[in-house]
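This report walks through one protein model, from its charged pairs to its sheet and helices. Please look at the sequence and the structure before reading on.

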Amino acid sequence: MTWYQRNILRYIFGVGTKRNDSQFKYSTRRFADLTQEEIRDCSELYSNHYGVYNNEAPEKRRGKRIKMQPSYYQTTYSSYPSASISICRDESNKLVGFAIFLRGEIAEERKFCWVTQLVVHTNY
């Protein structure tokens, strides 16, 4: 992992502020390389810690957790060769947070990195 990737993860997950950086493990890789279990972990983290529908949502969803099924991740991100994921785990290897991002080039010398999803466990 490059210095840049590690520091972006530290910034995103707030590591180094209130918690000891050594208690976290970071990794970044292509999304297509995730196992089914890892995709399920991401789905569970999102579904339990991302947020709830507000009062503008249809009545049957108001106040309920926003959920993301593993199949959504599989079909949406696995098909993009440029899709990557940065993962943060704690000492017990529990998923603390993740960021899914796409990298590409718009034109010559015009590169971009788009974070499409960022989820952090509510305890962190």
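Is Arg-30 buried, partly exposed or exposed? The model is a predicted one, and in it Arg-30 has a relative accessible area of 39%. Arg-30 is therefore partly exposed, because that class covers the values between 20% and 50%.

## Salt bridges

Arg-30 also takes part in a charged pair. Its side chain meets that of Asp-33 in a salt bridge, with 3.4 Å from N to O. The partner, Asp-33, is partly exposed as well, at 44% relative accessibility.

How many salt bridges does the structure hold? There are two. The other pair is formed by the side chains of Glu-38 and Arg-29, with an N to O distance of 2.3 Å. Here the two partners fall into separate classes of accessibility: Glu-38 is buried at 16%, whereas Arg-29 is partly exposed at 28%. As background, side chains of opposite charge can pair when their charged atoms come close.

The table lists the relative accessible area of several residues discussed in this report.

| Residue | Relative accessible area | Class |
|---|---|---|
| Arg-29 | 28% | partly exposed |
| Arg-30 | 39% | partly exposed |
| Asp-33 | 44% | partly exposed |
| Glu-38 | 16% | buried |
| Ser-84 | 5% | buried |
| Val-120 | 24% | partly exposed |

For the chain as a whole, buried residues make up 34% of the 124 residues.

## Overall layout

The protein chain has three helices and four strands. In sequence order, these elements follow the pattern α-β-α-α-β-β-β. Among the contacts with a separation of 6 or more, 49% are between residues 24 or more positions apart.

## The sheet

How are the four strands arranged? They form an open sheet in the order β1-β2-β3-β4, and the pairing is antiparallel. At the edges are β1 (25-30) and β4 (110-120), each of which pairs on one side only. From one strand to the next, the twist averages 20 degrees.

Strand β3, residues 95-107, runs antiparallel to β4 and is joined to β4 by ten bridges. Two positions show how these strands line up: Ile-100 stands opposite Gln-117, and Gly-97 stands opposite Val-120. The two strands form a hairpin with two residues between them. In the turn, Glu-109 has a positive phi of about 70 degrees.

Val-120 lies in strand β4. At 24% relative accessibility, Val-120 counts as partly exposed. Its C-alpha atom is 8.9 Å from that of Cys-88, although the two residues are 32 apart along the chain.

Ser-84 has its place in strand β2. Is Ser-84 buried or exposed? Its relative accessibility is 5%, so Ser-84 counts as buried, the limit being under 20%. Leaving aside neighbours within four places in sequence, Ser-84 is in contact with Arg-29, Arg-30, Phe-31, Ala-99, Ile-100, Phe-101 and Arg-103. That list includes Arg-29 and Arg-30, which were met above as members of the salt bridges with Glu-38 and Asp-33.

## The helices

Helix α2 lies across β1, β2 (83-89), β3 and β4. The helix runs at about 105 degrees to β3.

Helix α2 also packs with another helix. In general, two packed helices are described by the angle between their axes and the distance between the axes. What are these values for α2 and α3? The axes of α2 (residues 36-49) and α3 (residues 70-77) come within 8 Å and cross at roughly 115 degrees. The crossing is right-handed. On the α2 side, the contact is made by Gln-36, Ile-39, Arg-40, Cys-42, Ser-43 and Tyr-46. On the α3 side, Pro-70, Tyr-73 and Gln-74 take part. By class, the contact has five nonpolar, three polar and one charged residues.

Between α2 and α3 there is a loop, and Lys-64 is found in that loop. Which residues does Lys-64 touch, not counting those up to four places away in sequence? They are Gly-51, Val-52 and Tyr-53. From Lys-64 to Gly-51 the C-alpha to C-alpha distance is 8.4 Å, and the two are 13 residues apart in sequence.

How values were computed. Residues are numbered from 1 along each chain as its sequence is written. This is a predicted model: local features need pLDDT of at least 70, side-chain atom pairs count only at pLDDT 80 or more; totals for chains, interfaces and linings use all residues. Side-chain values use heavy atoms; hydrogens and water are left out. Axes are lines fitted to C-alpha atoms, for helices over the stretch in contact, and angles run from 0 to 180 degrees between N-to-C directions. A crossing is left-handed if the near helix is turned anticlockwise from the far one by less than a right angle, and right-handed if clockwise. Contact means heavy atoms within 4.5 Å. Ala, Val, Leu, Ile, Met, Phe, Trp, Tyr, Cys and Pro count as nonpolar, Asp, Glu, Lys and Arg as charged, and the others, Gly among them, as polar. A salt bridge is a side-chain nitrogen of Lys or Arg within 4 Å of a carboxyl oxygen of Asp or Glu. Buried means under 20% relative accessible area, exposed over 50%, partly exposed in between (1.4 Å probe, protein chains only). Two strands pair if DSSP finds at least two bridges between them.
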